[in-house]
Amino acid sequence: MKVITVHHPHSISNNEFPPLVLALGYFDGVHIGHQRVIRAAVDKAKEQDVCSAVMTFDPHPSVVLGHKHKHIHYITPLEDKKEIIKELGVDYLFIVRFTSEFANLTPQDFVDQYIIGLNVRHVVAGYDYSYGRLGKGTMETLPFHSRDMFASTTISKLTDADLDLKVSSSLIRENLKEGDVSRVKKLLGRPFKMKGTVIHGDKRGRKIGFPTANIELSDDYLTPKVGVYAVRMKIHDKWFDGVCNIGYKPTFKNPDDYSLSIEVHLFDFHTSIYGEEVFIEWYDRIRDEQKFSGIEELISQIQKDKDLAIDYFAKN
């Protein structure tokens, strides 16, 4: 997959690319609804014997369009999004830098410059996709703005059968905030995954017989609700089962400030992995974070957590 970062205004001419079938969307999460859009574009490209492409935007539009400076946490930060889209068999990925000037394009200018201008012959997007200033362009107006230069396919709403709700990034965010990682797995079509580096912690786990790997996240991930989870962690291309405690601890520098702590205890693992890049997949929520009256109560609870996670992975 070829990745092209596009800055507005761009100077690309449409003869720089072969004819394309383009999937449009922001695609945070690349969930099962997004995958349906992208796969439809890939299938249409094969049918027409042309190349497939995806267009996404960076940063998140709300960072630019919000009235206040907004720091966004992502279900799939850009680097993760690239990998997932590549796995879907896409030929080209356009990453358009989302700026206030770009956001101010009229719907017709967006189509002229970013669809017709990139040699797109067919557009695929979800039924609720909008484009141009204030989102005035919709899939209903797209044929009018196309100047008869391309056709389009609209992908209908996909719902979660259990909830009868539209599958969306917003729904996934809500479930992550509630800690329901098993439902998030269903909505994504894969376990929720994040990348990080193993760093030195306070080594308390080792002292009580449950050594943990402290993880520093590599990007602005949206994290699950604090608590204890059954997880898997990938080290050197191998996956290990474990339990993870995610929570906020007072910082060493300032006890009034709290920092996110992600600690993973792996089963039957005894190797030093400081500095290693790892991946965590989140499978099931075990319990809320809680305080303990003493070390013995803590050790007893960690053993229960471990047993529950072992049981979960034995059954799934």
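**Exercise 1. Find where D237 lies and describe its backbone and exposure.**

Solution. Start with the location: D237 sits in the loop between β13 (227-235) and β14 (238-250). Here helices (H or I, at least four residues) and strands (E, at least two) are DSSP runs, numbered from the N terminus. Next, look at the backbone: phi of D237 is near 65°, a positive value in a residue other than glycine. Finally, check the surface: D237 is exposed, with a relative accessible area of 68%. The classes are buried for under 20% relative accessible area, exposed for over 50%, and partly exposed in between (1.4 Å probe, protein chains only).

A word on the ground rules before going on. This is a predicted model, in which local features need pLDDT of at least 70 and side-chain atom pairs count only at pLDDT 80 or more, while totals for chains, interfaces and linings use all residues. Residues are numbered from 1 along each chain as its sequence is written, and side-chain values use heavy atoms, with hydrogens and water left out.

**Exercise 2. Carry out the analysis of Exercise 1 for D268.**

Solution. D268 belongs to the loop between β15 (258-266) and β16 (277-287). Its phi is near 55°, a positive value in a residue other than glycine. With 71% relative accessibility, D268 counts as exposed.

**Exercise 3. Locate the cis peptide bonds that precede P9 and P59.**

Solution. Take P9 to begin with: a cis peptide bond joins H8 and P9, with omega about -5°, and P9 is found in the loop between β1 and β2. Then turn to P59: the peptide bond from D58 to P59 is cis, with omega near 0°. P59 has its place in the loop between β3 and α2 (61-65).

**Exercise 4. Work out the strand order of the six-stranded open sheet and name its edges.**

Solution. Reading across the sheet gives β1-β4-β3-β2-β5-β8, with parallel pairing. Two strands pair if DSSP finds at least two bridges between them. The edges are β1 (2-6) and β8 (151-155), each of which pairs on one side only. Neighbouring strands of this sheet are turned by 20° against each other on average, direction ignored; the axes are lines fitted to C-alpha atoms, for helices over the stretch in contact, and angles run from 0 to 180 degrees between N-to-C directions. To zoom in, β2 (residues 20-24) and β3 (residues 51-58) pair in the parallel sense over five bridges, and V21 stands opposite S52 in β3.

**Exercise 5. Trace the salt bridge of D160 and the network around it.**

Solution. The structure holds 14 salt bridges, each a side-chain nitrogen of Lys or Arg within 4 Å of a carboxyl oxygen of Asp or Glu. In one of these, the side chains of D160 and R183 meet at 2.8 Å, N to O. D160 lies in strand β9 (residues 159-160) and R183 in helix α8, so the pair ties together parts that are 23 residues apart in sequence. Both partners are worth checking for exposure: D160 is buried at 4% relative accessible area, and R183 is buried at 18%. Salt bridges that share partners join D160, D180, R183 and K186 into one network.

**Exercise 6. Describe the salt bridge between R232 and D241.**

Solution. The closest N and O atoms of R232 and D241 are 2.7 Å apart. On exposure, D241 is partly exposed, with a relative accessible area of 26%.
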